[in-house]
Amino acid sequence: MSMTDLPSPGHEAVSAYLDGGYASVVGMSSRFAAAICARLLRLQSEEGIAGSIAEIGCFEGRFFIALAHALEPGELAIGVDIFSWPNPEVKDRFEANCLRHGIAPERRVTVQGDSGAMTAEELMAHAGGERLRLIHIDGEHSRAALAKDLELATQCLSEGGLIVLDDMLHPGYPTLMVAVQAYLEAHPEIVPLCVIDRETIVGATKFVLCQRDWFERYQAKMLVIFKEQIWPLGADFEPHWCLVLSQDTRLAEIV
Ligand SMILES: C[S@@+](CC[C@H](N)C(=O)[O-])C[C@H]1O[C@@H](n2cnc3c(N)ncnc32)[C@H](O)[C@@H]1O
């Protein structure tokens with residue numbers, strides 16, 4: 001049996017937040033996925049990819065704060081949400097959580113709105129008109145909404161940027177995968193970079209997508225960085241294959 005702990009997120013501030021504050025912020029994403037995505041942001045910095053990031057569906061800030069701590073000076077974290085569920089005070093809780101866990105107001109932008117009605121220009125305007133190096137999509141969980149969010153993210157994506165999709169393969173949202181498949185067929189320039197396995201039913205699986213031209217470059221580094229988290233068989237996206245990162249890298253015992 002091979003069970004791995006969290007990979008190093010590559011930033012002391014992220015590690016401190018994942019060890020301390022993460023569980024105290026109400027939210028749904030897994031610590032494992034937060035550590036992986038923070039390390040991917042670090043890898044981008046090492047590869048010379050700079051810029052701001054956005055999360056669609058930032059809710060109370062659990063995952064957002066981890067990503068924001070992984071940014072370099074001058075880069076912004078943009079949190080988009082309709083901020084109406086479960087009550088309008090969720091926006092105040094988001095901003096208070098950011099402050100409490102070390103993300104000062106000048107390092108982030110709060111955007112209250114429906115991502116499905118947002119243009120790429122409107123979203124990028126919050127980053128000074130620049131493209132974004134990572135977009136985490138965790139907003140409305142319908143096929144139609146995910147399709148729109150994917151198009152928005154694609155239009156905002158910088159060279160070498162990453163799109164992260166939450167709640168993939170979640171038993172409660174089986175049709176989201178249909179939207180992803182249709183998107184991948186319509187966008188051959190984008191491929192899955194890795195699957196981040198679920199921690200629990202709440203901390204569900206994420207897919208990370210990248211531009212096809214960047215796939216090999218990312219994967220070569222990730223094979224080293226995440227060597228303890230690689231599930232040996234990988235993910236078959238027919239015909240594209242990518243890494244599966246998991247805290248449980250066992251294979252079925254067949255003899
Ligand atoms: C599952 S929660 C996100 C959890 C959060 N990312 C975390 O890691 O803790 C989904 C969020 O998406 C927001 N949302 C739903 N539809 C949206 C839309 N059309 N535009 C923006 N946000 C939306 C909801 O208000 C809710 O806060």
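**Backbone geometry and ligand environment**

Phe59 is buried, at a relative accessible area of 11%. In this predicted model, the residue belongs to the loop that runs between strand 1 (52-56) and helix 3 (62-69). The phi angle of Phe59 is positive, at about 50 degrees, although the residue is not a glycine. Most residues other than glycine have a negative phi. The classification of Phe59 as buried follows from the cut-off, because its 11% relative accessible area falls under the 20% limit that defines the buried class.

The loop between strand 1 and helix 3 also contains Glu60. With a relative accessibility of 8%, Glu60 is likewise counted as buried, because the buried class comprises values under 20%. The C-alpha atom of Glu60 lies 9.9 Å from that of Glu89, and the two residues are separated by 29 residues in sequence. Helix 3 itself is largely enclosed by the rest of the structure, because 8 of its 8 residues are buried. The buried residues of this helix are Arg62, Phe63, Phe64, Ile65, Ala66, Leu67, Ala68 and His69.

A positive phi is also found at Asp167, where the angle is about 60 degrees although the residue is not a glycine. Asp167 is located in strand 5, which spans residues 157-168. Its relative accessibility is 7%, so Asp167 counts as buried under the 20% limit. Glu159 is another residue of strand 5. In this case the relative accessible area is 55%, and Glu159 is therefore exposed, the threshold for that class being over 50%. Strand 5 thus holds both a buried residue, Asp167, and an exposed one, Glu159. Glu159 and Ile49 are 110 residues apart along the chain, while their C-alpha atoms are separated by 7.8 Å.

Two cis peptide bonds are described next. Most peptide bonds are trans. A cis bond joins Trp85 and Pro86, with omega at about 0 degrees. Pro86 is placed in the loop that links strand 2 (77-81) to helix 4 (90-100). A cis peptide bond also connects Glu238 with Pro239, and here omega is about 10 degrees. Pro239 is situated in the loop between strand 8 (235-236) and strand 9 (241-245).

The ligand occupies the largest pocket. It is surrounded by 16 residues, of which the closest are Ser29, Gly57, Asp81, Asp114 and Asp138. By class, this shell consists of 4 nonpolar, 6 polar and 6 charged residues. Nitrogen atoms of the ligand take part in several polar pairings with the protein. A ligand nitrogen is placed 2.8 Å from an N or O atom in the side chain of Asp114, a residue that is also listed among the closest to the ligand. A distance of 3.0 Å separates a nitrogen atom of the ligand from an N or O atom in the side chain of Glu55. For Ile82, the partner is a polar backbone atom, which lies 3.4 Å from a nitrogen atom of the ligand. The ligand on its own has 600 Å² of accessible area, and the protein covers 91% of that area.

Notes. Residues numbered from 1 in each chain as written. Predicted model: local features only at pLDDT ≥ 70, side-chain atom pairs only at ≥ 80, totals over all residues. Heavy atoms only, no water. Near = heavy atom within 4 Å. Polar contact = N/O pair within 3.5 Å; in protein donor to acceptor, adjacent residues only side chain to side chain. Areas by Shrake-Rupley, 256 points an atom, 1.4 Å probe, with all protein chains shown as cover. 1 Å grid on protein atoms, 1.4 Å probe; cavity = no way out; pocket = protein on both sides within 12 Å on 5 of 7 lines; lining within 4 Å. Sits in = over half its atoms within 2 Å of the grid points. Nonpolar A, V, L, I, M, F, W, Y, C, P; charged D, E, K, R; others polar. Helix = DSSP H or I, 4+ residues; strand = E, 2+ residues; numbered from the N terminus. Buried < 20%, exposed > 50% of the residue type's maximum accessible area, 1.4 Å probe, protein only.
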